[in-house]
Amino acid sequence: MSRELLPSFPLRAARVHEACGPAATTFAVITAARTPGNILWIYEGWLPATLHPPALVAFFDPARLLLARAGSQADSLAVAEEALKDGAVGLVVIEIANALDLREGRRLQLAARAGGGTGLCLIPEGMGSNAAETRWRVAPVPGEGDSTLMRWEIIKNKLGTTGTWHVRWDEQAHRLHVVSPAGEQPGSAGLPD
């Protein structure tokens, strides 16, 4: 995948980004697959679902993953900040249930800049922080006949433009492919709708 086709991915290192939508977890897993080093995934203990590391083998070696269960969002943020500041992991994913204020978001950005790693907050729709470098809305594409097709949309980008792409993860090649939406594929001109 070339940077021209999907210019803000892989995510910029030493920054914190956000993802929301029904496929945000898949976005985080693909981000982990494209990020060198180990991955720290932080979630609050009250959340009902968590990752099943053996299922991630289609994306990356699950031995790279460390799961951290925190007691509250404040605890999650403290763990994420320390991990980002330390720089010992390439990616810190934090599942956020409540909106971050500007101070919390800025602290994460400063920690990422100090440690050089990448942070990714999985957020509920509409609860983004002004401090985020990029914010992505991610959803599966229904009715395309391919259950792996997703729609990635950059809805906030501090360094560039926003945009929308249809993407598919290639399990064999461990790559992300940008796919033309139906009706815009080569040879589709002049076909009935």
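## The aromatic cluster

Ring pairs link F9, F27, W136, W152 and W165 into a cluster. The model is predicted. In total, the structure holds eight aromatic pairs. One of them joins F27 and W136. Their ring centres lie 5.2 Å apart, and the planes meet at 40°, a tilted arrangement. F27 belongs to helix α1 (residues 24–34), while W136 sits in strand β6, so this pair ties together parts 109 residues apart in sequence. Both rings belong to buried residues, F27 and W136.

## Overall layout

The chain has 193 residues, and 46% of them count as buried. Three helices and nine strands make up its secondary structure. In sequence order the pattern reads β-α-β-β-α-β-α-β-β-β-β-β.

Contacts reach far along the chain. Take those between residues at least 6 apart in sequence: 69% of them join residues at least 24 apart.

## Strand β1

Strand β1 covers residues 16–20, and five of its five residues are buried. In a regular strand, side chains alternate between the two faces of the sheet. Here both faces are covered. V16, E18 and C20 are buried on one side. H17 and A19 are buried on the other.

Which strands pair with β1? One is β5 (residues 118–122), which runs parallel to β1 and is joined to it by four bridges. Within β5, L120 is the bridge partner of H17. Another is β6 (residues 134–140), also parallel to β1, with three bridges between the two. There, R137 of β6 stands opposite C20.

## Helix α2

Helix α2 runs from residue 73 to 86. Its 14 residues should span 20 Å at 1.5 Å a residue, and the end C-alpha atoms are 20 Å apart, so the two values agree. G87 follows the helix with a positive phi, near 75°.

Which residues of α2 are buried? They are Q73, S76, L77, A80, E81, A83 and L84. What do they pack against? Their partners are the strands β1, β2 (39–44), β3 (65–70), β4 (91–95) and β5, together with helix α3 (102–115).

## Salt bridges

Side chains of opposite charge can pair when their charged atoms come close. The model has nine salt bridges. One joins E133 to R15, with the closest N and O atoms 3.5 Å apart. This pair links distant parts of the chain. E133 lies in the loop between β5 and β6, and R15 in the segment before β1, 118 residues away. Both partners are buried. E133 has 7% relative accessibility. R15 has 15%.

A second salt bridge stays within helix α2. K85 pairs with E82, and their closest N and O atoms are 3.6 Å apart. The two residues are three places apart in α2, so about one helical turn separates them. In an α-helix, residues three or four places apart point the same way because there are 3.6 residues a turn. K85 is partly exposed, with a relative accessible area of 40%. E82 is also partly exposed, at 48%.

E153 and R151 form another salt bridge, with the closest N and O atoms 3.1 Å apart. E153 is buried, with a relative accessible area of 17%. R151 is partly exposed, at 35%. Elsewhere, salt bridges that share partners join E81, E82, K85 and R107 into one network.

## A buried glutamate without a partner

E104 lies in helix α3. This residue is buried, yet has no salt bridge. Why not? A salt bridge needs a side-chain nitrogen of Lys or Arg within 4 Å of a carboxyl oxygen. The nearest side chain of opposite charge, R103, is 4.4 Å from E104.

What does E104 touch? Setting aside residues up to four places away in sequence, its contacts are L77 and A99. L77 is itself among the buried residues of α2.

Definitions and conventions. Residues numbered from 1 in each chain as written. Predicted model: local features only at pLDDT ≥ 70, side-chain atom pairs only at ≥ 80, totals over all residues. Heavy atoms only, no water. Buried < 20%, exposed > 50% of the residue type's maximum accessible area, 1.4 Å probe, protein only. Pairing = 2+ DSSP bridges. Expected span 1.5 Å × (residues − 1). Contact = heavy atoms within 4.5 Å. Phe/Tyr/Trp six-rings, centres within 6.5 Å; stacked < 30°, edge-to-face > 60°. Lys, Arg positive; Asp, Glu negative; His and termini not counted.
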